[in-house]
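Before reading the questions below, please look over the sequence and the model. Each answer works through a short chain of reasoning and closes on what was asked.

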Amino acid sequence: MLGPYEYVIWLICTLLEASVLVCAIRKGAFRRYFLLNFYMATSVVASIARYKFLHDFGFNSREYIYFYYYSDALLTVLLYFALSSLYSHVFSELKADRYLRMGTIFLLSGTALFSYAVVQQSSAKLVTHFVVELSQNLYFVGLVLTYVLWAAILKMRETRTQLIQLVLSLGVYFSLFAANYAVQNLHRTSGSFLEALTPLFGCFLPLSWAYTFWHVPEEARTVPSRLAVVPR
Amino acid sequence: MMAGIILACSIVLLLQFFVSYCRSLIAVSSKQILSAEVKDVTGIQRLASGDDFKRVMQLLQLCPERPEDRNSVQAIGVYFSLLNFLRSTLARIVPSTLAWTELERGHCAYFAAVALERRISFSRDMLAQQMDS
């Protein structure tokens, strides 16, 4: 059952997601980062629909649980495509869009196949467990891809501050969730401290993206090597 | 086993991204010049010192909060604690990191001063709006 804490965090998170769209539109970044904004818009719609399912069917209903996990998987796939759009921004001068699209689809298919292979051996509810497994695996794949992108930014001396901050906040978000899923798999206990923190993790991405769109002008530039932990 | 590896990788990458993200926030604010008023209030003239951070944060908490900078101020607060931890542990073993942590702590204090400047102007705007209405 959801308590007041979960409802408040849920509401704040939805409002923050909507604020990303408002900030992006006000600052003229909506079309430039279309897939990122599309992901945020879908998150807002999914939040409202989840609330409707919760209100109509109850927290423990099959309808709510199914909708929750399926919409979560859809959002994770969308976030994965949003990440690939950041690759397109970084590699825009190399005109590598076609290869990036092929690579994105190839990696997504590979992750889906791996997830299927994992759940096939141990699950009766194949499709549902597949969706959950796919989400968890995509978070880790997303984390690795964000790290590769960050390495490319450093190597190619990408200087657009807005783009750098979007990538770094996505990296923090993916690593928080990947670590969280790993802890949950290691210790399968409910009601833990981390479980209470999970909804808060979800607020990080919309907060940081809203901040970036609002405060960092498109023309702002940063020397990326100054940001690396290990000086280059 | 697999979950353990994923957890270890995630924590290492989380630290890496978090530090770089904080430094990108600091880099954006370091280009802003503080007004004479904020310089007087904070005592920061040109270069900030890590010891100023606590005082500037206390001043920051006296001002009405702006929702859009809450996340970044908290992130820098965590980064500052991380630097303090490094200063009291690793810097004792590797002295060269001491200068680096001091420099970074100073940047954190400057970031907090810039956030203070934004909050002061935000409060002034709110007051002006109230006076108008």
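**Salt bridges, interface and fold**

A search of this predicted model finds nine salt bridges over all chains.

Q: Which residues are linked in a network of salt bridges?
A: One pair in chain B is B:R105 and B:D51, whose side chains meet in a salt bridge at 3.8 Å, N to O. This pair links distant parts of the chain, with B:R105 in helix α6 of chain B and B:D51 in the loop between α2 and α3 (52-62) of chain B, 54 residues apart. The network that holds both of these residues consists of B:D51, B:R87, B:E102 and B:R105.

Q: Is B:R105 buried or exposed?
A: Its salt-bridge partner B:D51 has a relative accessibility of 57% and so counts as exposed, being over 50%. For B:R105 the relative accessibility is 5%, which is under the 20% cut-off, and B:R105 therefore counts as buried.

Q: How many residues apart are B:R124 and B:E37?
A: The side chains of B:R124 and B:E37 meet in a salt bridge, at 2.7 Å from N to O. The pair links distant parts of the chain, since B:R124 belongs to helix α6 of chain B and B:E37 to helix α2 (residues 36-42) of chain B. B:R124 is partly exposed at 46% relative accessible area, and B:E37 is partly exposed at 38%. In sequence, the separation between B:R124 and B:E37 is 87 residues.

Q: In which helix do A:D56 and A:K52 both lie?
A: A salt bridge joins the side chains of A:D56 and A:K52, at 2.9 Å from N to O. A:D56 has a relative accessibility of 41% and counts as partly exposed, while A:K52, at 49%, also counts as partly exposed. The two residues are four apart, about one turn of the helix, and the element that holds both A:D56 and A:K52 is helix α2 of chain A.

Q: In chain A, where is confidence highest?
A: Chain A averages a pLDDT of 87, and 94% of the residues score at least 70. Confidence in chain A is lowest in helix α4 (residues 97-122), where the mean is 85. At the other end, with a value of 96, stands helix α2 (residues 34-57) of chain A.

Q: What is the area buried between chain B and chain A?
A: The contact draws 28 residues from chain B and 32 residues from chain A. On the side of chain B, the residues that lose the most area to chain A are B:F17, B:Y21 and B:N71, together 22% of what that side buries. Carbon and sulfur atoms give 71% of the buried area, which comes to about 2,800 Å².

Q: How many residue pairs are in polar contact between chain B and chain A?
A: Across the interface of chain B and chain A, the rule for salt bridges finds zero. For polar contacts, with both residues at pLDDT 80 or more, the count of residue pairs is three.

Q: Which element gives the most to the side of chain B that touches chain A?
A: The elements of chain B that give two or more residues to this side are α1 (2-30), α4 (67-88) and α6 (96-132). The residues of the side divide into 15 nonpolar, seven polar and six charged. With 19 residues, the element that gives the most is α1(B).

Q: Which residues is A:L138 in contact with, leaving aside its neighbours within four places in sequence?
A: A:L138 lies in helix α5 (residues 126-156) of chain A, and at 2% relative accessibility A:L138 counts as buried, because this is under 20%. With those sequence neighbours left aside, the residues in contact with A:L138 are A:T76, A:V77, A:Y80, A:L108, A:T111 and A:F174.

Q: How many helices does chain B have?
A: The C-alpha trace of chain B spans about 65 × 35 × 25 Å along its principal axes, and buried residues make up 44% of the 133 residues in chain B. Among contacts in chain B between residues at least 6 apart in sequence, 77% join residues at least 24 apart. From the N terminus on, the elements of chain B run α-α-α-α-α-α, so that, under the assignment of helices and strands used here, the strands number zero and the helices number six.

Methods: Residues are numbered from 1 along each chain as its sequence is written. Chains are lettered from A and ligands numbered from 1 in the order in which they are written. Side-chain values use heavy atoms; hydrogens and water are left out. Contact means heavy atoms within 4.5 Å. Buried area is the accessible area (1.4 Å probe) that two parts lose on being put together, summed over both. A salt bridge is a side-chain nitrogen of Lys or Arg within 4 Å of a carboxyl oxygen of Asp or Glu. A polar contact is a pair of N or O atoms within 3.5 Å; within protein, one must be able to donate a hydrogen and the other to accept it, and residues adjacent in sequence count only if both atoms are side-chain atoms. Ala, Val, Leu, Ile, Met, Phe, Trp, Tyr, Cys and Pro count as nonpolar, Asp, Glu, Lys and Arg as charged, and the others, Gly among them, as polar. pLDDT is the predictor's confidence in each residue, from 0 to 100. Buried means under 20% relative accessible area, exposed over 50%, partly exposed in between (1.4 Å probe, protein chains only).
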